[in-house]
Amino acid sequence: MRYVQTVRGTIAPEEMGFTLHHEHIFWDLDIYLPKDLDIHDETDPRNDDISLENLSQVRSRFQQYPKNVIQTDIGIAEKELLWFKEAGGRTICDCTVRGIGPRPQLLKEVSMRTGMNILAGTGYYCYSAVTEEENELDRYEKAEHMLRDLRLGFDGTDVKAGFIKVGVQDVHAREDRESLAAAAIAQKETGAPILIHQPGLEHQSQEIFDVLTANGGALDRVVMCHCDPLLPDLDYIDAIAKAGAYISFDFFGLDGVLGKTLFLPTDKDRIFSILELIDRGDIEKLVISHDTVYKTMLRQFGGYGYAHIQKDVWPLMLANGYTQDILDQISIKNPKEIFSLEA
Ligand SMILES: [Zn+2]
C-alpha cells in the first residue's frame with residue numbers, strides 16, 4: 001500500500017492532485033540580512049513595512065529587508081493558501097528545514113484551517129545557515145534526526161515529515177557532505193524522497209550523486225531543485241535527468257538577480273527550455289514550482305502567489321506547444337510518484 005505523509009496524517013497518493021513540490025509557507029532567512037543592519041533602528045528604511053512605495057526597492061534588494069525575509073504569520077499563510085486552493089491546488093510541500101526556521105505545528109494548524117494537504121521536509125539547509133552545533137554533527141547523528149522526524153514527528157509534536165530536503169552550497173564543504181550522506185542513510189531506511197537545493201551556478205551534480213550513492217541513496221528518489229539558474233545549459237540539465245534524478249524548475253515567477261552575478265531566467269526561458277527537455281525524453285523527470293520564500297512573492301505583498309503556475313503559466317504553455325496531458329504529468333503524476341511511500 002502506497003501512501004503520502006502529510007502534516008495531518010497519511011493520505012492516498014491519488015489525493016495529492018495539483019502539487020507544488022518546492023515552496024515555503026513559513027520561513028526565517030534572517031541569516032542573510034546585512035551585517036550592518038540594526039533591526040531596532042526605526043530610522044533605517046530597510047526596517048520599514050513593505051508598501052507600494054518601497055516595493056521595487058524591496059524586490060531588487062530582497063535580502064536586506066527583515067519584513068521580507070521572515071514569514072511566520074498564520075493569517076498571511078492562510079489567505080495565500082486559499083487563493084491556491086481556489087485555483088485548483090491541492091498539495092503543497094514546505095521545504096523550510098533546519099537553518100531557515102521550520103514550523104511544523106503551524107503547518108498543521110494552517111492545513112486544518114484551509115483543508116490543504118501540506119507536506120513538511122526534514123533535513124539541513126546549507127552550512128552557512130545552520131548553527132555551529134548542527135554543523136559539527138556527523139552523518140549518523142543527522143540521519144538520526146531525520147529518521148525521528150519522519151517516523152515519530154518533529155520535536156515534541158505529532159507532526160511527521162513527508163520528505164527529506166538538503167541544502168548544498170558547496171559539495172566540497174564537509175558539513176554539506178555530511179547532510180547529503182545523512183539524507184541517503186535516512187532514505188535507505190524509509191524510502192523517503194530527497195529534495196536537493198543545488199548551488200547556484202556551480203555544476204556539482206556528479207559530486208552530489210557520488211555522495212548519495214556511496215551512502216545507499218537511490219538517484220530515482222532524488223529531486224535536483226533550482227535548475228533554473230543553470231539555463232541555458234540544457235545538456236547539463238538533461239544529463240541529471242538521464243542519471244535518474246528529477247529536474248526541478250522551481251523559480252517560476254522570479255526573474256531577478258541573485259547576488260551580483262546570478263541572473264535568473266524568465267518564465268519564457270523556462271517554458272521553452274522545458275519543452276525542449278520533453279523533446280529529449282525527460283517528461284517523467286520534470287517538476288515545477290515557485291520556491292516562494294520572500295514576502296514580495298506573496299499576493300498580499302505585490303507578488304504572484306502560489307497560483308501563478310496554474311493561472312499564468314499554464315495558459316502560456318498551452319498556447320505554446322504543451323498539451324493538458326503534459327501539464328498533468330508535470331504537476332500531478334510526477335509529484336505523486338516522488339512523494340509516495342511504501343507501507
Ligand atoms: Zn526553497
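**Helix H10, the nonpolar core and an open sheet**

Colleague: Which residues are buried in H10?

Modeller: This is a predicted model, in which local features need pLDDT of at least 70 and side-chain atom pairs count only at pLDDT 80 or more, while totals for chains, interfaces and linings use all residues. Residues are numbered from 1 along each chain as its sequence is written. A residue is buried if 20 or more other C-beta atoms, placed from the backbone, lie within 10 Å of its own. In H10, a DSSP run of H or I with at least four residues, those buried are Asp267, Arg270, Ile271, Ser273 and Ile274.

Colleague: How far apart are the end C-alpha atoms of H10?

Modeller: The expected span is 1.5 Å times one less than the number of residues. Helix H10 covers residues 267-279, so its 13 residues should span 18 Å, and this agrees with the end C-alpha separation of 19 Å.

Colleague: Which helix gives the most to the largest nonpolar core?

Modeller: Such a core joins buried Ala, Val, Leu, Ile, Met, Phe, Trp, Tyr and Cys residues through C-beta atoms within 7 Å. The largest has 94 residues, and Leu180, Ala183 and Ile247 are among those touching the most other members. With 7 residues, the leading contributor is helix H7 (residues 174-190).

Colleague: Which are the edge strands of the open sheet?

Modeller: Strands are DSSP runs of E with at least two residues, and two of them pair if DSSP finds at least two bridges between them. The order is S2-S1-S15, with antiparallel pairing. Pairing on one side only are strand S2 (9-11) and strand S15 (341-342).

Terms used: A residue is buried if 20 or more other C-beta atoms lie within 10 Å of its own, exposed if 12 or fewer, and partly exposed in between; C-beta atoms are placed from the backbone.
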